[in-house]
Amino acid sequence: MSITLFRQNSKQSGARSHARRRRPQGEKIRMEAKRFGYFPQCFIWRGRRYDVHAVERCWTVSHRWLWEVERHCFRVRCAEGRFELYQDVKKNSWHVEYFERD
């Protein structure tokens, strides 16, 4: 089993800061089809098509103080392995956060 991570390293300071921290960006993908208008069904990543066999988990990331949804996240299983996908709500773009080969 191998895991590929797509997280960017960020500098962490010991001092607390009220400055807004940016979330790491995953690699951009193209969502081809969704089930029920919401769940990923098929996507293109690095020129290859992946069909989603199952959505194992879904959750939402939001700003606590604004109650504004930032991301819709999905852990999906395909024939090639497991993927963690998310939709950036503001930009309406899709990304792959990590890939785990079965």
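The accessible surface of the protein in this predicted model comes to about 7,600 Å², and 47% of that area is supplied by carbon and sulfur atoms. Of the 102 residues in the protein, 35% are buried. Among contacts with a sequence separation of 6 or more, 39% join residues 24 or more positions apart.

The secondary structure contains seven strands and zero helices. Read from the N terminus, the order of elements is therefore β-β-β-β-β-β-β.

Strand pairing was examined for the C-terminal part of the chain. S5 and S6 are antiparallel and share eight bridges. The two strands form a hairpin, with two residues between them. Within this pair, Phe74 lies opposite Leu85 of S6. S6 also pairs with S7, again in the antiparallel sense, over seven bridges. This second hairpin has four residues between its strands. Tyr86 faces His95 of S7 across the pair, and Leu85 has Val96 in S7 as its bridge partner. On S7, a further antiparallel pairing is made with S2 over three bridges. Here Glu27 has Val96 as its bridge partner in S7. Val96 is thus bridged to Leu85 and to Glu27.

Burial in these strands is extensive. Seven of the eight residues of S6 are buried, so S6 is largely enclosed by the rest of the structure. S7 is mostly covered, with eight of nine residues buried.

The largest nonpolar core has 14 residues, and those touching the most other members are Ile29, Phe43, Trp45, Val76, Cys78, Phe83 and Leu85. At least two residues of this core come from each of strand S2 (27–35), strand S3 (39–45), strand S4 (48–63), strand S5 (68–78), strand S6 (81–88) and S7. The surroundings of Phe83 can be listed in detail. Apart from neighbours within four places in sequence, Phe83 is in contact with Phe43, Trp45, Tyr50, Phe74, Arg75, Val76, Cys78, Val96, Tyr98 and Phe99. Phe43, Trp45, Val76 and Cys78 are among these contacts, and each of these four also belongs to the group with the most core partners.

A polar side chain is found within the covered strand S7. His95 lies in this strand, which spans residues 93–101. With a relative accessibility of 6%, His95 falls under the 20% limit and therefore counts as buried. A polar atom of the His95 side chain is 3.4 Å from the backbone oxygen of Gly26. Leaving out neighbours within four places in sequence, the contacts of His95 comprise Gln25, Gly26, Glu27, Lys28, Ile29, Glu84, Leu85, Tyr86 and Asp88. Among these contacts, Tyr86 is the residue opposite His95 in the pairing of S6 with S7, and Leu85 is one of the core residues named above.

The cysteines were checked for covalent linkage. A disulfide is a covalent bond between the sulfur atoms of two cysteines. The number of disulfides is zero. For Cys58, the nearest cysteine sulfur is that of Cys73, 9.6 Å away, and Cys58 is in no disulfide. The sulfur of Cys73 in turn has its closest cysteine sulfur in Cys58; the separation of 9.6 Å is too far for a bond, because a disulfide requires sulfur atoms within 2.5 Å. The two residues also differ in their burial class. Cys58 is partly exposed, at a relative accessible area of 39%, whereas Cys73 is buried, at 6%.

Backbone torsions were considered last. Most residues other than glycine have a negative phi. Phe36 has a phi near 55°, a positive value in a residue other than glycine. Phe36 is located in the loop between S2 and S3. Its relative accessibility is 76%, so Phe36 counts as exposed. Asn92, likewise not a glycine, has a positive phi of about 50°. Asn92 is in the loop between S6 and S7, that is, in the turn of the hairpin formed by these strands. At a relative accessibility of 55%, Asn92 is over the 50% limit and so counts as exposed.

Definitions and conventions: Residues are numbered from 1 along each chain as its sequence is written. This is a predicted model: local features need pLDDT of at least 70, side-chain atom pairs count only at pLDDT 80 or more; totals for chains, interfaces and linings use all residues. Side-chain values use heavy atoms; hydrogens and water are left out. Buried means under 20% relative accessible area, exposed over 50%, partly exposed in between (1.4 Å probe, protein chains only). A polar contact is a pair of N or O atoms within 3.5 Å; within protein, one must be able to donate a hydrogen and the other to accept it, and residues adjacent in sequence count only if both atoms are side-chain atoms. Contact means heavy atoms within 4.5 Å. A nonpolar core is a set of buried Ala, Val, Leu, Ile, Met, Phe, Trp, Tyr and Cys residues joined through side-chain atoms within 4.5 Å. Accessible areas come from the Shrake-Rupley method with a 1.4 Å probe; for residues, only the protein chains shown count as cover. Two strands pair if DSSP finds at least two bridges between them.
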